[in-house]
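Reader: I am new to this structure and would like to understand the terms used for it. Could you take me through them with care?

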Amino acid sequence: MSAPGSRPRKLALASLALFFLVVPLVVNSSFWLGLWTMALFFALLGQSWNILGGFGGQISFGHAVFFGTGAYATAMLQLKFGINAWASAALAVAAGTLVGAFIGAVSFRYGLRGSYFALVTLAFAEVFRVLVNAWDFAGAGFGMLLTLKPGTANLQFADRIWYYYLVLVLVAISLAIAVWLKHSRFGAYLIAIRENEDAAQALGIDCLR
């Protein structure tokens, strides 16, 4: 039996999903399509905050580190090593993940929580910015410019509709991860640590891991 109110909620979610699926089909303006694409992009960023802050109870000011790591990684892999755009994008995600694991391991290993964790993420973001600006291989202060080669193989779409759907898929994946966390043991661990880390530790949860 469905819980009270679950049917209207599912209907609302289905209607919202249908709306976002058909937006590019009814919107002819490049401006409005770009606006909806950016709205979805910020929804994706918001979901990352939800996972870190909502489930984990941690506040990060260093998201630019992961964003920048991914951007520089995909650019360097394409320009310096000749790796195609799709493989570079996947490797860039892995690079951002490794940087996040490193920052998390260093921060939590030494007991940095709450505002201290937020400040150390900001410090890491600033350190990475200074290092990249001084690194000639990454273009130093000028940065890196990708060659304009429109085509699906280069992740450069002539029609903006494909950028819209690409971001929509990423938003759907992030929502699926959030739903999984909500119903998983791992998500319960995160919530327990958020509510009372000492109590969670006493219950046998490995908070550092």
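Reader: What makes up the area that the chain exposes?

Author: In this predicted model, the chain exposes about 13,800 Å², and carbon and sulfur atoms supply 71% of that area. As for burial, 29% of the 209 residues count as buried, a word that is kept for residues under 20% relative accessible area.

Reader: Which elements does the chain contain, and in what order do they run from the N terminus?

Author: The chain has eight helices and zero strands, so that from the N terminus on the order reads α-α-α-α-α-α-α-α. The C-alpha atoms fill a box of roughly 55 × 50 × 25 Å along the principal axes.

Reader: Why is the pair of Phe19 and Phe20 called edge-to-face?

Author: The structure holds 13 aromatic pairs. In the pair of Phe19 and Phe20, the ring centres lie 5.3 Å apart and the planes stand at 75°; pairing requires centres within 6.5 Å and edge-to-face requires planes over 60 degrees apart, so both conditions are met.

Reader: How do you know which of Phe19 and Phe20 is buried and which is partly exposed?

Author: Buried means under 20% relative accessible area and exposed means over 50%, with partly exposed in between. Phe20, with a relative accessible area of 18%, is therefore buried, whereas Phe19, with 36%, falls in between and is therefore partly exposed. Phe19 and Phe20 also form one aromatic cluster with Trp36.

Reader: What makes the pair of Phe108 and Phe117 stacked?

Author: Phe108 and Phe117 lie 4.9 Å apart, centre to centre, with 15° between the planes, and because planes under 30 degrees apart count as stacked, the pair takes that name. Phe117 has 5% relative accessibility and so counts as buried, while Phe108, at 22%, counts as partly exposed because its value is not under 20%.

Reader: Why is Lys80 said to sit over the ring of Phe137?

Author: The charged end of Lys80 is 5.1 Å from the centre of the Phe137 ring, and the distance condition is therefore met, since the limit is within 6 Å. There is also a condition of direction, within 35 degrees of the ring normal, and the charged end of Lys80 is counted as sitting over the ring. Likewise, Arg109 lies over the face of Tyr110, at 5.7 Å from the ring centre.

Reader: How many charged side chains of each sign does the chain have?

Author: There are 13 positive and 7 negative side chains, and the centres of the two sets lie 11 Å apart.

Definitions and conventions
Residues numbered from 1 in each chain as written. Predicted model: local features only at pLDDT ≥ 70, side-chain atom pairs only at ≥ 80, totals over all residues. Heavy atoms only, no water. Helix = DSSP H or I, 4+ residues; strand = E, 2+ residues; numbered from the N terminus. Buried < 20%, exposed > 50% of the residue type's maximum accessible area, 1.4 Å probe, protein only. Areas by Shrake-Rupley, 256 points an atom, 1.4 Å probe, with all protein chains shown as cover. Lys, Arg positive; Asp, Glu negative; His and termini not counted. Charge placed at Lys NZ, Arg CZ, Asp CG, Glu CD. Phe/Tyr/Trp six-rings, centres within 6.5 Å; stacked < 30°, edge-to-face > 60°.
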